[in-house]
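Here are some exercises to work through with the model open beside you. Try each task before you read its solution.

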Amino acid sequence: MSGILEFVTHPLNAVTFFPLVGVVAILLLAREKETLIRWVALGTSLITFVISLGVLGLFNPQDPGLQLVYDRPWFTVAGWTIRYVMGVDGLSILLLLLTTLLTPIAILSTWTAIQERVKEFMIFFLLLEIGMVGVFLALDLFLFYIFWEFTLVPMYFLIGMWGGPRRMYAAIKFFLYTMAGSILMLLAIVWLGLHYGTFSVPDILAQGPVMGPVQYWLFLAFAAAFAIKVPMWPLHSWLPDAHVEAPTAGSVILAGVLLKMGTYGFLRFNMSLFPDAAKYYAPWVALLAVIGIVYGAIVSFPQRDVKKLVAYSSVSHLGFVMLGLFAFTPQGIEGAILQMINHGISTGALFLIVGMIYERRHTRDLDAFGGLWKVMPVYAVLSLITALSSMGLPGLNGFVGEFNILLGALGSRVLGSYWFAGFAALGVILAAVYMLTMYQKVFLGPLDKEENKCLQDLNWREVVTLLPLIVLMFWIGLYPKPFFALMHPAVEHLLQAVLK
Amino acid sequence: MNGTQWAFLGVYFLLALIFPALPIVIAHFLGPRRPNPIKDDVYECGLKTYGSPWVPIKVQYYLFALVFLIFDVELVFLYPWAVAYDMLPMFAVFEGILFILMLGAALVYAWKREALDWYEPTMPEFRS
Amino acid sequence: MTVPVTWQDVAALLPEFFLVVWASALLLLDVFWIREKRTTAWLSALGFVVALVLAVGQMGRAPLLAFRGMVIADAFSVFLVALFALSGLVGILLAQDYLARNGIERGEFYVLLMFSVVGMMLMARVADLVMIFLALELFSLPLYVMTGFARPRADSEEAALKYFLLGAFASGFMAFGIALVYGATSTTSLPHMVDVIQAGEADLALLTAGAALVLTGLGFKIATVPFHMWTPDVYHGAPSPVSGFMAATAKMAGFAALLRLFVLVFPVVADLTPVLWALAALSMVLGNVAAIAQRNIKRLLAYSSIAHAGYMLSAAVAFADPHLGPQAVAAILFYLVAYVLATFGAWGVVILLERRIGQEGLLLEDYAGLSRQYPGLAAAMAVFMLSFIGVPPTLGFFGKFYLFRVVLDAGFVGLALIGVLTSLVSAYYYLRVVMLMYMKPGEPIVRREPRVQATVLAAAALTLFLGLTAASSLYAWATEAILRFG
């Protein structure tokens, strides 16, 4: 009994497993009490957010290493002790906060959008939160894999049960694509376990990396899992389908958090576990990243479905993140981490915005709109800020991240060429093109469609949903120092270990 | 087994094939062939089959045969036991009794399930 | 007279003895006194409970050769005997309502099931080649009859005949293999055989040929490609509870004998490693690929069982490695537990949805909309499917994890790759069942049969939570279940 108490009172376990309380509570409620179920889910995720703020309070930004580590032997199997290791450091603290923030926002966005099977929806959503938080906190490869693979299940149901017309196709495509990568990672994890006799990442790092050609194969196996999740060009084709078909809240979480699991995986595992291979493959990864940046931007432009447009823009934005990571410079990596947060905020907000108009008009076709500025002024202003943030206007969050990434890529010795940064900069310009085109088509011009003339502006709930994200856009855009301060020591620490 | 022994096995196998094949081949070449309708008949002697040979045969014959076969074979197992009876330890005697009891149980079961009763067919018998 | 047989020998086989006596008595009771067939079902269930208690009572004892070295009671066999007793109980729980509602309930069914379980238990106990053959026949013959139990339905009879003919054929291979092994080592006793082989007195070529034939015979029972042809037809034609029982237990029994023979006696015939490799790879690939095309849930589960035989066999490929042998045994036993739980559960759901025997409610489309009216049942089925795929945190994930560990440790990277890639293929058709239940509208009709429902839910709960809470103790138990001769 005391063991359980000791387990749940550790802040990292608490923040990971608190949503389980909500799941159990919702399971016990009758399915007709939909409003109550919504409140329970929202309350649970808000408390989880508060706990994560508590974790932030306990976090010491000066310490470059892992903090609040909870390390216990979990079980022993034929000579292997599988440990339950949770910990947080500068690389993961912001992602943890992003996850716990986006979850209540996403739940709030479903208040009227999800009317069918609310009970199941909320259960899957809270289960998904457990998986996502666990991915960012787990430091034992076995534990990490359990969380990683587990996130697939609730997301599969969210897309498949509450999605659009082609939801079943999208759901199974999402599942199979992601699983295809992660099973290769599973083999690599088993191999590492056989080699080191442990799965605990700190222990493995203490023993030094695997030498010889095997390291390169292991890097590729891990990269397969993460690159599909990011998604890097050319493995991105599941993403537009999943995004278009998923319900709004699903898209928010998918873009906001699930994609970050891929980039985080590169940062946490690929770079430190296989440093030689990471440096060797860095130009190739950067090449794919730059192709993704340009490709995503170009393909976004002609899309008529707003969701598809945002989905392809994600491919482009995540390309920036990958480029920053594999620049192996402090600016690059810090910019990349910040860009992960930025993308979560901006794209999350964009999907919310799309969801709001879809709920009113039941279409996402760009040609169905025009002149919405006149009927929905609040909505138009908030959308403008979000679009500008997404395309990287100075003064808003997107700029800080992309600027640092470009600087980092320019000064990178590992990449060894200016061309990567040069082409990536092209992506920034293209982003302005497709974002502004979209904005113009929807909000500006004459209000010539009859259906649009009596549209209601946002209600208080929708404004509350968007407001935290808008505040963060300005905060990061104008005063990013505290965010960098959180990650800086850890990034320096990582780079020292990798580049030595 | 060494090489010679394997070779021996091979030769043996070959001989085993040739031995039965040879008379057939020889008979084919040496035997006189003068076919006539009587020789080509199914049997060279006896009666011709009358009517269709696809006559339904009473399924109880099979049941009887099966029950008989089972007990027949099982009784063979008792033979060595009975022959060596006076040399057996107590346990083996007990085992034998157990065996007989199980056979008895099976017999009782078959009896109760009416496998041993002969039923007159309710259908009119097949008349040729 | 050599070693006298004593009561100690009987004690070594106590669960089996009890079951045989109980089943024989029940056979007579059933024809003479019992009016309600349900009573027979309950009495045989009680018999399995007692057998389970007796098997648990044998745990922790020193290995004991009994009946002049014909059988052995070691940790491995006790583990499996307990599992078989439990499976027998589940088999009855699944079958009773089904048989009654389809009008094919006869007391003999339960008795046959008990005899079959005794044969399977003996498969786990074998210490002599002759015993393997006897046990194999003892568990197979009742299964042939049970397969045809839906007489006079043509597909059930066809399945029984097919199973019987091919099974008899496989037994022939088995007998011939046993003869060759005997010829190579001049003994049928497995412990003696180990000595003979270690002394270098065995004829290796002959032994390899014999082992290969034995492998063929057992491969038929565990349904590996290319000896799998009967599986879909038999699982399809047999009454569903029989198919479920067969899918779970016959595989266990086959693996019990296979592991004992190959890990303990045949490591010397390492020449067979590529053969096992190929069997495992073919089973995984063909089983999973063929399952994609199935529209009938029974056939789908049949092909999936072929694929799972392949996964388990892939760990058995490491049999020749003296260091990895015990680990392979533990990993396979663990996987068997995960597989058996999910199999019983999934077949339980099939039984609940099957409206008329062998006809309605068996297509995948009949599962559409299940989650709306029967959320608990649909969730349970989803758990089984996810466990079959190997998604954490279900037990199936832990099972696959340990299997791949052994495969990788033995250096068969290619086989491990085939394993994970075919898992991916399998995700496609397992998820289709989930998709239909959760994402398609429909009006499924489900029976209210509390015993089956309880079994399904219990299996789902165990599949879901055993992995997180008790994977280590289960694995430790499986590790202790090491094969030994004295």
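**Exercise 1. Describe how H14(A) packs against H19(A) in this predicted model.**

Step 1: Find the two helices. H14 of chain A covers residues 306-325, and H19 of chain A covers residues 419-443.

Step 2: Look at the axes. They come within 11 Å and cross at roughly 160 degrees. Angles over 145 degrees count as roughly antiparallel, so H14(A) is roughly antiparallel to H19(A).

Step 3: Get the hand. H14(A) passes H19(A) in a left-handed crossing.

Step 4: List who touches whom. From H14(A) come Val306(A), Leu309(A), Ser313(A), Ser316(A), Phe320(A) and Leu323(A). H19(A) answers with Phe420(A), Ala424(A), Gly427(A), Ala431(A), Tyr434(A) and Met438(A).

Step 5: Sort them by class. This contact has nine nonpolar and three polar residues, with no charged ones.

**Exercise 2. Do the same for H14(C) and H16(C), and say what the angle makes of the pair.**

Step 1: In chain C, H14 spans residues 325-353 and H16 spans residues 375-389.

Step 2: Their axes are 9 Å apart, and the packing angle is about 140 degrees. That angle makes H14(C) oblique to H16(C).

Step 3: The crossing of this pair, H14(C) and H16(C), is left-handed.

Step 4: On the H14(C) side, the contact uses Ala338(C), Ala342(C), Gly345(C), Ala346(C), Val349(C) and Leu352(C). On the H16(C) side, look for Leu377(C), Ala380(C), Met381(C), Phe384(C), Ser387(C) and Phe388(C).

Step 5: By class, you get ten nonpolar residues, two polar and no charged where H14(C) meets H16(C).

**Exercise 3. How many charged residues take part in the contact of H7(C) with H10(C)?**

Step 1: Start with the geometry. H7 of chain C (residues 154-185) packs against H10(C) at an angle of about 145 degrees, with the axes 8 Å apart. The crossing of H7(C) and H10(C) is left-handed.

Step 2: Pick out the residues. Asp155(C), Ser156(C), Glu158(C), Ala159(C), Lys162(C), Tyr163(C) and Leu166(C) belong to H7(C). They meet Trp230(C), Asp233(C), Val234(C), His236(C) and Gly237(C) of H10(C).

Step 3: Split them by class. There are five nonpolar, three polar and four charged residues in the contact of H7(C) with H10(C).

**Exercise 4. Work out which chains touch, and which pair has the most contacts.**

Step 1: Rule out the pair that doesn't touch. Chains A and B have no contact, and their nearest C-alpha atoms are 41 Å apart.

Step 2: Take chains B and C. Nine residues of chain B are in contact with ten of chain C. On the chain B side, seven are nonpolar, two are charged and none is polar.

Step 3: Now take chains C and A. Here 26 residues of chain C are in contact with 26 residues of chain A. H14, H17 (395-409), H18 (413-439) and H19 (450-480) of chain C each supply at least two residues of the chain C side. H18(C) gives the most, with eleven residues. By class, the chain C side has 20 nonpolar, four polar and two charged residues.

Step 4: Conclude. Of the two pairs of chains that touch, A and C have the most contacts.

**Exercise 5. Hunt for the backbone oddities: where are the cis peptide bonds at Pro226(C) and Pro393(C), and where does Leu68(A) lie?**

Step 1: Recall the background. Most residues other than glycine have a negative phi, and most peptide bonds are trans.

Step 2: Go to the bond from Val225(C) to Pro226(C), which is cis with omega near 10 degrees. Pro226(C) sits in the loop between H9 (204-221) and H10 (230-237) of chain C.

Step 3: Move on to the bond from Pro392(C) to Pro393(C), also cis, with omega near 5 degrees. Pro393(C) is in the loop between H16 and H17 of chain C.

Step 4: Switch to chain A. Leu68(A) has a positive phi, near 50 degrees, and lies in strand S1 (residues 67-77) of chain A.

**Exercise 6. Find the elements of chain B with the lowest and highest mean pLDDT.**

Step 1: For chain B, the average pLDDT is 80, and 85% of the residues score at least 70.

Step 2: Among the elements of chain B, H2 (residues 37-40) has the lowest mean, 74, and H3 (residues 59-83) the highest, 86.

Key:
Residues are numbered from 1 along each chain as its sequence is written. Chains are lettered from A and ligands numbered from 1 in the order in which they are written. This is a predicted model: local features need pLDDT of at least 70, side-chain atom pairs count only at pLDDT 80 or more; totals for chains, interfaces and linings use all residues. Axes are lines fitted to C-alpha atoms, for helices over the stretch in contact, and angles run from 0 to 180 degrees between N-to-C directions. Helices (H or I, at least four residues) and strands (E, at least two) are DSSP runs, numbered from the N terminus. Angles under 35 degrees count as roughly parallel, over 145 as roughly antiparallel, 65 to 115 as roughly perpendicular and the rest as oblique. A crossing is left-handed if the near helix is turned anticlockwise from the far one by less than a right angle, and right-handed if clockwise. Two residues are in contact if their C-beta atoms, placed from the backbone, lie within 7 Å. Ala, Val, Leu, Ile, Met, Phe, Trp, Tyr, Cys and Pro count as nonpolar, Asp, Glu, Lys and Arg as charged, and the others, Gly among them, as polar. pLDDT is the predictor's confidence in each residue, from 0 to 100.
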